Amino acid sequence: MSEMKLRRLDLTLLLVLDEALRHRKLAEVANRLGLSAPAVSHALARLRDIFDDPLFIRRPGGVEPTPRCLDLAPLVASVLGLARQAVAPPLPFDPATSDRVFRITGLDYEASRFGPPLLARFAAAGDGLRLSFRPHARDAAMAALAEGEADLALGFFPRRPAGIATRRLYEETYLVAGSPDHPRLRRRRQIDLPLYCALDHVLVSLSGGLEGTVDAALARQGLRRRVVAAMPSFLPALAAVAASPTIVTMPRRVVENYAPRFGLRAFAPPLPIRPFVLSAAWHERQAVDAGLRWLVEQVAAVAAEVAG
């Protein structure tokens, strides 16, 4: 069929054709579709022109489909079935029976803070749900949502692209972690600004760069620090600090949860560092996805526990 003919074909015409095939009486077709008899006759005339076939032959008591019309029957039923699926209400989501794999993107901060409690919630909800974390930051996370490669992104998203919806989870601040065996930290309960600038630092940086948020805060005061290593994620950074005379500044909840496991102490930063808001983000085309809505509520519940 040519593109010209395809543009002339609409769902109302296909509904008329489908009903005529089913009931073989045009008065019944008009009654079922809420159309007048002339409207049904006009629709059939358009269909005959589009398909270049009489389609129906009038017989006593009704109409009889032509061979071409009978050939069209399964195709028309398939097209209308897909159209009905498209306009049907979204399917409900039952975590107890679902075997869905939820794909979340975030860094090791989000994976470590949300992964374990989410897995516990999945196990309590049903034994078919699965979780897949993928390491993407900001722009890459937004691209994964736009391309359908992830269901949800967790992180700090100061710029939200068009088509992306977000939900604020909580605000995060910073702590400093260092070894109690560090020669300049022994018996100290706090780190002042001159000592902070004098110590060697480890920085968490996906790009491998040696400057970050803390350096910008120091620069506003005309100060600098010495970053001796960049690590791609938080837990390797803590491991590096545990094995060397260095310190690291990172999100407070990471330090509180994991620094003791590396034998590290926590200190308040000696300068103001702008906090950041952790958010959940998803593509707006999934707004009617009941499973995604369920996942967002689980993430929000975990966030409330973490923030508390």
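Which unit do strand 8, helix 9 and strand 9 make? In this predicted model, the three elements form a right-handed β-α-β unit, and the close-up views below begin with that part of the chain.

**View 1. Strand 8 and its pairing with strand 9.** Strand 8 runs parallel to strand 9, which spans residues 226–231, and the two are joined over five bridges. Within this pairing, Leu-203 has Ala-230 of strand 9 as its bridge partner. Helix 9, which covers residues 213–219, belongs with these two strands to the right-handed β-α-β unit.

**View 2. Strand 8 and its pairing with strand 10.** Strand 8 also pairs with strand 10 in the parallel sense, here over two bridges. Val-202 can be found opposite Val-248, a residue of strand 10.

**View 3. The largest pocket and its lining.** The largest pocket holds about 970 Å³ of space. It is lined by 36 residues, of which Arg-138, Phe-156, Tyr-174, Val-204 and Thr-213 are the closest to its centre. Among the elements that give two or more residues to this lining are helix 6 (108–125), helix 7 (138–146), strand 8 (200–204) and strand 10 (247–251). By residue class, the lining consists of 20 nonpolar, eight polar and eight charged residues.

**View 4. Ser-78 in helix 5.** Ser-78 lies in helix 5, which is made up of residues 67–87. Its relative accessibility is 43%, and because this value falls between the limits of 20% for buried and 50% for exposed, Ser-78 counts as partly exposed. Between the C-alpha atoms of Ser-78 and Val-202 there is a separation of 61 Å, and the two residues are 124 residues apart along the chain.

How values were computed. Residues numbered from 1 in each chain as written. Predicted model: local features only at pLDDT ≥ 70, side-chain atom pairs only at ≥ 80, totals over all residues. Heavy atoms only, no water. 1 Å grid on protein atoms, 1.4 Å probe; cavity = no way out; pocket = protein on both sides within 12 Å on 5 of 7 lines; lining within 4 Å. Points joined across faces, edges and corners; volume = space filled by probe spheres on them. Helix = DSSP H or I, 4+ residues; strand = E, 2+ residues; numbered from the N terminus. Nonpolar A, V, L, I, M, F, W, Y, C, P; charged D, E, K, R; others polar. Buried < 20%, exposed > 50% of the residue type's maximum accessible area, 1.4 Å probe, protein only. Pairing = 2+ DSSP bridges. Right-handed = clockwise from strand over helix to strand, strands pointing away.
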